[in-house]
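I opened this one with no background, so these are just my notes as I went through it. I started with how the helices pack.

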Amino acid sequence: RPDLVDARMALAGYLEGAGATRDAVRQLEEAVRFEPKNVQIRVRLSQLYAVADRFAEAAIQVEIAADFVGGSAPLYRRAAGLYESAGNEREATRMRKIADRIDPPVRVRKLRELKRARRRRR
């Protein structure tokens with residue numbers, strides 16, 4: 001049954017371990033076809049694309065996964081890195097801006113000052 005996504009994912013893992021990256025990619029591409037909103041499949045497919053130096057395709061898969069999650073700063077940052085590896089600086093910048101809107105970097109965060117702790121008397 002070609003629609004058994006879990007079996008395809010397991011097979012892709014086995015194929016990847018055996019060094020058959022191209023076949024593993026094919027299994028995950030088919031799995032995405034049956035379950036296009038499955039974030040786990042898209043992230044794994046992205047990882048295999050990156051191993052095969054297909055960085056633009058890897059970035060697209062991570063970006064789609066981040067959109068399905070409802071906005072994930074770590075996934076958008078991963079997509080930015082992959083776009084950068086693909087030589088697409090404009091998309092990398094766009095992904096970083098989205099990630100920073102969701103979860104600003106520490107140096108940009110505006111946190112309120114905490115009250116000083118009082119010492120307890122004994």
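I looked up α3 and α4 first, keeping in mind that this is a predicted model. Their axes come within 8 Å and cross at roughly 165 degrees. Angles over 145 count as roughly antiparallel, so α3 and α4 are roughly antiparallel to each other. I also noted the hand: α3 passes α4 in a left-handed crossing.

Next I asked which residues of α3 meet α4. From α3 (residues 39-51), I listed Val 39, Arg 42, Val 43, Leu 45, Ser 46, Tyr 49 and Ala 50. On the α4 side they meet Phe 55, Glu 57, Ala 58, Gln 61, Val 62, Ile 64, Ala 65, Phe 68 and Val 69. I sorted the residues of this contact by type and got twelve nonpolar, two polar and two charged.

Then I moved along to α4 and α5, which is the helix at residues 73-85. These two pack at an angle of about 165 degrees, and their axes are 8 Å apart. That makes α4 roughly antiparallel to α5. The crossing of α4 and α5 is left-handed. On the α5 side I wrote down Leu 75, Tyr 76, Arg 78, Ala 79, Leu 82, Tyr 83 and Ser 85. The α4 residues in this contact include Phe 55, Ala 59, Ile 60, Glu 63, Ala 66 and Asp 67. By type, the contact of α4 with α5 has 14 nonpolar residues, one polar and three charged.

After the pairs I checked the core. The largest nonpolar core has 30 residues. Which of them touch the most other members? I found Leu 28, Ile 41, Leu 45, Leu 75, Tyr 76 and Met 95. Each of α1 (5-17), α2 (21-34), α3, α4, α5 and α6 (89-102) supplies at least two residues of this core. The largest share, seven residues, comes from α5.

I picked Leu 28 for a closer look. Leaving out residues up to four places away in sequence, Leu 28 touches Met 9, Ala 12, Ile 41, Arg 44, Leu 45 and Leu 48.

Last entry: the loop between α3 and α4, where I found Asp 53. Its phi is near 60 degrees, a positive value in a residue other than glycine. I made a note of that because most residues other than glycine have a negative phi. Is Asp 53 buried or exposed? Asp 53 is exposed, with a relative accessible area of 57%.

Definitions and conventions
Residues are numbered from 1 along each chain as its sequence is written. This is a predicted model: local features need pLDDT of at least 70, side-chain atom pairs count only at pLDDT 80 or more; totals for chains, interfaces and linings use all residues. Side-chain values use heavy atoms; hydrogens and water are left out. Axes are lines fitted to C-alpha atoms, for helices over the stretch in contact, and angles run from 0 to 180 degrees between N-to-C directions. Helices (H or I, at least four residues) and strands (E, at least two) are DSSP runs, numbered from the N terminus. Angles under 35 degrees count as roughly parallel, over 145 as roughly antiparallel, 65 to 115 as roughly perpendicular and the rest as oblique. A crossing is left-handed if the near helix is turned anticlockwise from the far one by less than a right angle, and right-handed if clockwise. Contact means heavy atoms within 4.5 Å. Ala, Val, Leu, Ile, Met, Phe, Trp, Tyr, Cys and Pro count as nonpolar, Asp, Glu, Lys and Arg as charged, and the others, Gly among them, as polar. A nonpolar core is a set of buried Ala, Val, Leu, Ile, Met, Phe, Trp, Tyr and Cys residues joined through side-chain atoms within 4.5 Å. Buried means under 20% relative accessible area, exposed over 50%, partly exposed in between (1.4 Å probe, protein chains only).
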